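Student: Could you walk me through reading the features of a protein model? I would like to start with charged pairs and then look at the surface.

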Amino acid sequence: RPPADARKTLEAVVYVLSAGCRWDELPEEMGSHITAWRRWRKWKESGMMELIQSVIPVPLSAPPKSRV
């Protein structure tokens with residue numbers, strides 16, 4: 001399977017973080033909620049989310065609800 005579009009996945013992650021919704025509540029047109037969750041987890045563990053947040057102001061009032 002071809003890799004997911006990085007921009008679309010980033011937009012999905014930003015949506016979940018901004019909206020404060022669960023991953024499985026991600027609108028279908030934004031792509032797979034599982035892919036978005038996996039990328040978020042990978043970026044968070046690697047420190048990439050800190051870099052992303054320094055460039056894109058993503059409000060993080062609380063971590064996303066973990067229902068994948």
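Tutor: Happy to; we will take salt bridges, then a surface patch, then a pocket, keeping in mind that this model is predicted.

Student: How many salt bridges does the structure hold?

Tutor: The general idea is that side chains of opposite charge can pair when their charged atoms come close. Here the structure holds 3 salt bridges. In one of them, the side chains of Glu11 and Arg7 meet at 3.3 Å, N to O. These two are 4 residues apart in helix H1, so about one helical turn separates them. Arg7 is exposed at 62% relative accessibility, whereas Glu11 is partly exposed at 41%.

Student: Which residues do salt bridges that share partners join into one network?

Tutor: Look at Arg22. Its side chain meets that of Asp24 at 3.0 Å and that of Glu25 at 3.6 Å. Salt bridges that share partners thus join Arg22, Asp24 and Glu25 into one network. Arg22 is partly exposed, with 25% relative accessibility.

Student: Which residues form a nonpolar patch on the surface?

Tutor: Met48, Leu51, Val55 and Ile56 do, with about 350 Å² of accessible area together. Met48 sits in helix H3 and is partly exposed at 36% relative accessibility.

Student: And what lines the largest pocket?

Tutor: That pocket holds about 210 Å³ of space. It has 13 lining residues, and those closest to its centre are Ala4, Asp5, Thr9, Ser32 and Thr35. By class, the lining has 6 nonpolar, 4 polar and 3 charged residues. Helices H1 and H2 each supply at least two lining residues, and the largest share, 3 residues, comes from H1.

Notes. Residues are numbered from 1 along each chain as its sequence is written. This is a predicted model: local features need pLDDT of at least 70, side-chain atom pairs count only at pLDDT 80 or more; totals for chains, interfaces and linings use all residues. Side-chain values use heavy atoms; hydrogens and water are left out. On a 1 Å grid over the protein atoms alone, a cavity is a set of points where a 1.4 Å probe fits but cannot get out, and a pocket is an open set with protein on both sides within 12 Å along at least five of seven lines; lining residues have an atom within 4 Å of a point. Grid points are joined across faces, edges and corners, and a volume is the space filled by probe spheres set on the points. Ala, Val, Leu, Ile, Met, Phe, Trp, Tyr, Cys and Pro count as nonpolar, Asp, Glu, Lys and Arg as charged, and the others, Gly among them, as polar. Patches are made of residues with over 30% relative accessible area and no salt bridge: like charges are joined within 9 Å, nonpolar side chains (Val, Leu, Ile, Met, Phe, Trp, Tyr) within 5 Å. Accessible areas come from the Shrake-Rupley method with a 1.4 Å probe; for residues, only the protein chains shown count as cover. A salt bridge is a side-chain nitrogen of Lys or Arg within 4 Å of a carboxyl oxygen of Asp or Glu. Buried means under 20% relative accessible area, exposed over 50%, partly exposed in between (1.4 Å probe, protein chains only).
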